[in-house]
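Thank you for making time this morning. I would like to walk you through one structure, taking the sheets before the helices and the nonpolar interior.

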Amino acid sequence: MSAFRALSRGQWQGQLLLRPVSIPPRLQCRQYRYPRGLHSPPCSPQYISASAFTPLVPPTSALPKIPPRASSTSPTRPRRLRKTTNTFLTLLTLSLITYLLDTHLNYSALTRSVRTLSTALLISLDYQLNFTSHKSQHQLSSLHSRNADRLVHLCLTNGGLYQKIGQAIAMQSALLPREFQAKFARFFSDTPQASRSEIEGVLREEFPHLRDPVNMLFVPGTFTNRAMGSASVAQVHKAQLNDGSGAWVAVKIQKPGISRQVGWDLAVFKFAMMVFSERMFGLPLGFLVPYICERLESETDFSIELKNSARMRRLVEENFDRGKVPGRAGGWFIGMGGEKGRVYVPRVYEDLSTKRVMVAEWIDGVTLSQGRRGAFKDQQISPKVVMDSLLKLFARQMFWWGEVHCDPHPGNILVRKVSVGEGEKGGKMATEVVLLDHGLYVHLHPDLRRQYSRLWTALMSLDTSTIGEITQEWGFGNAEMLASMTMLRPYRGSIGGAGEAGEGLKKELTPYERQLLFKNTLRASLLHEELIPRELIFLGRCMRILQANNQLLGSPVNRLNILALSASESLLPRNPNYWRPPGMGVAGLVKSYLHYTIFRITLILLDLGFLWVRARSWVAGGGGRGFEEEIEERMKSFAREEWGLEIGGGVFRG
């Protein structure tokens with residue numbers, strides 16, 4: 001150990017005079033006693049004071065005082081505060097920059113996704129905390145109502161493809177609580193329009209070789225400033241072609257930003273549906289999400305719509321004689337000798353169409369909603385002819401052609417009076433139904449189309465063995481539910497497969513118990529998800545809209561008979577899609593015609609029931625319920641008693 005001594009008090013502030021001295025051997029450190037790195041460093045030359053050791057004397061008050069050392073915590077707090085503030089400002093700046101870039105360059109795709117996930121999380125937490133057995137009916141109704149408002153607000157705020165997603169939810173709103181059914185009906189109305197400058201920007205992007213597409217493709221001044229109609233992903237303007245023909249056309253233009261938003265929107269929709277419906281609510285609907293997203297995405301590509309429209313136009317021209325539908329209006333038993341209606345698909349100008357712009361023939365006509373409000377009566381248009389033509393067209397699509405237009409809501413159906421031409425009697429006027437908007441189609445495989453036709457025929461003739469066979473092939477566990485949802489009417493029969501969840505209600509259940517019953521029934525019905533045809537969800541949507549259209553016009557025709565008759569005829573040998581089972585001989589052929597005869601007798605009985613409802617309504621002065629209203633009320637009661645499902649009406653009505 002080194003020793004030091006101060007020479008004098010005056011040298012306290014000076015340097016200490018030190019010199020090397022020798023240390024006795026007994027005090028020298030030894031290498032073997034203190035190895036390097038173990039207790040002390042190796043010995044080095046020692047320096048000690050030349051004087052004898054005296055204790056260190058503290059300085060007197062005359063010496064300058066050393067300022068007290070600050071506490072150890074006082075400089076740390078400002079540093080931590082500054083660090084936290086800098087981190088917060090950095091995150092705020094990055095968030096602001098991201099928001100501005102997303103808003104101005106990415107059409108708010110990221111912002112919309114964050115809004116969607118936060119809303120989905122809020123709804124999930126609300127249900128997890130408040131959907132319990134001890135809640136009253138009023139509390140559960142309030143729970144459904146506020147979450148329906150959240151979903152509607154989300155879809156309307158995000159706009160674009162979210163409007164389509166809202167329609168996708170609305171088309172299956174019968175599976176949701178009644179509060180959702182009422183609020184989601186608004187998704188089938190018009191949506192806000194894009195400005196004229198935004199539309200011109202889309203045209204310039206799609207036709208970069210034209211300096212001024214609006215005035216070069218169309219006669220200057222004829223392109224309407226405001227859209228004639230606006231939907232979720234596109235809007236339609238009216239214009240006159242600048243090619244010398246003078247033809248008026250409908251210009252369908254995709255709204256700006258849809259092409260950039262679609263990827264984000266569908267990815268978030270998939271994630272939300274898979275996580276929240278499957279894991280948090282236990283609803284086995286996740287297997288449908290990829291197919292629904294595929295159909296929704298196809299609606300943003302107008303080249304697909306162009307092909308669908310051209311294909312349907314060709315099928316109508318080849319199978320309907322100059323557009324005339326087969327048979328007379330009103331079916332084959334009631335309404336014999338009535339007017340024969342016509343159907344028409346507008347022409348599409350392929351050379352003027354792109355993935356975001358489609359130009360088609362302009363058609364002046366009356367929508368079904370306008371006809372319900374008196375326009376049909378003013379133009380002497382028969383609602384019976386309209387619905388007969390429309391149902392026969394869609395029956396051919398589903399059972400014969402396998403090309404199904406899945407969006408026949410009232411705004412996509414126009415009706416007009418046309419001259420029958422020189423070859424017809426006296427140049428009379430005929431009623432023509434025009435089918436618009438061919439973006440949402442499903443294409444049925446021949447095997448699926450054949451099964452669907454057999455199912456409808458078996459349902460009308462109470463062929464329980466065929467119903468059970470098709471139910472099993474499609475992976476369903478509840479044949480009665482499949483039959484009822486297919487025909488949109490109650491179906492009770494000894495066809496089995498209902499399971500414990502479908503035995504019906506023996507006592508009045510609470511709203512909570514009823515909704516649990518439906519969830520369990522649905523899970524028991526979807527036995528083999530991999531076998532269930534995904535196309536059925538859009539076929540069911542199409543059937544529901546057709547039923548609502550018939551109901552909107554006062555149920556002028558027997559929808560079930562028209563569809564079932566077309567399904568049965570599609571299985572006859574004269575049908576190009578006829579399939580003969582292997583090993584079927586003459587006896588089997590005779591048996592099939594015998595079943596067909598029994599089937600026709602069933603149609604007669606159903607027509608008599610339709611006639612009875614019409615007569616009863618006429619006696620009541622037109623104030624009674626129509627045939628579709630009778631079926632709907634029975635279906636509501638049946639679904640509530642057997643499945644615990646509350647079905648509301650009016651979702652698809654115009």
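**Sheets, helices and cores**

Let me begin with the open sheet of five strands, whose order is β3-β4-β5-β8-β7 and whose pairing is antiparallel. The two edge positions are taken by β3 (229–230) and β7 (348–349), each of which has a single partner strand, so one side of each is left without a neighbour in the sheet. Please keep in mind throughout that this is a predicted model.

If we start from the β3 end, β3 and β4 run antiparallel and are joined by two bridges, and the two strands form a hairpin with three residues between them. Within that pairing, Ser230 stands opposite Gln235 in β4. On its other pairing, β4 is joined by seven bridges to β5, residues 248–254, again in the antiparallel sense, and here Val236 has Lys252 of β5 as its bridge partner. How much of β4 is covered? Strand β4, which spans residues 234–240, is mostly covered, with five of its seven residues buried.

At the β7 end, β7 pairs with β8, residues 357–361, over two antiparallel bridges, and Val348 has Ala360 in β8 as its bridge partner.

There is also an open sheet of four strands, in the order β6-β12-β11-β9, and in this one the pairing is mixed. Its edge strands are β6 (342–344) and β9 (366–367), each pairing on one side only. Between β11, residues 413–419, and β12, residues 429–435, there are seven bridges in the antiparallel sense, and one pair to look for on your screens is Leu414 with its bridge partner Val434 in β12.

Let me turn now to the interior. The largest nonpolar core has 102 residues, and those with the most contacts inside it are Leu368, Met398, Phe399, Tyr452, Trp456 and Trp474. Helix α12, residues 383–401, gives the most to this core, with eleven residues. Which residues does Tyr452 touch, once we leave aside its neighbours within four places in sequence? Tyr452 is in contact with Met398, Phe399, Trp474, Thr486, Leu536, Leu539 and Met543. A second, separate core consists of 19 residues, among them Phe207, Leu241, Val249 and Ile253.

Three helices deserve a word as well. Helix α9, residues 289–298, is mostly covered, since seven of its ten residues are buried, and the buried residues are Val289, Tyr291, Ile292, Cys293, Arg295, Leu296 and Ser298, a list in which you will notice that Arg295 appears.

In helix α20, residues 627–642, we find Lys636. Is this lysine, Lys636, buried or exposed? Lys636 is buried, because its relative accessible area is 18%, and the cut-off for that term is under 20%. The C-alpha atoms of Lys636 and Pro490 are separated by 8.6 Å, although the two residues are 146 residues apart along the chain.

Helix α19, residues 586–619, is where Leu611 has its place. Leu611 counts as partly exposed because its relative accessibility is 43%, which lies between the 20% limit for buried and the 50% limit for exposed. Together with Ile601, Leu605 and Leu608, Leu611 forms a nonpolar patch on the surface, with about 380 Å² of accessible area together. As a general reminder, an α-helix has 3.6 residues a turn, so residues three or four places apart point the same way.

I will stop there and take your questions.

Notes. Residues are numbered from 1 along each chain as its sequence is written. This is a predicted model: local features need pLDDT of at least 70, side-chain atom pairs count only at pLDDT 80 or more; totals for chains, interfaces and linings use all residues. Side-chain values use heavy atoms; hydrogens and water are left out. Two strands pair if DSSP finds at least two bridges between them. Buried means under 20% relative accessible area, exposed over 50%, partly exposed in between (1.4 Å probe, protein chains only). Patches are made of residues with over 30% relative accessible area and no salt bridge: like charges are joined within 9 Å, nonpolar side chains (Val, Leu, Ile, Met, Phe, Trp, Tyr) within 5 Å. Accessible areas come from the Shrake-Rupley method with a 1.4 Å probe; for residues, only the protein chains shown count as cover. A salt bridge is a side-chain nitrogen of Lys or Arg within 4 Å of a carboxyl oxygen of Asp or Glu. A nonpolar core is a set of buried Ala, Val, Leu, Ile, Met, Phe, Trp, Tyr and Cys residues joined through side-chain atoms within 4.5 Å. Contact means heavy atoms within 4.5 Å.
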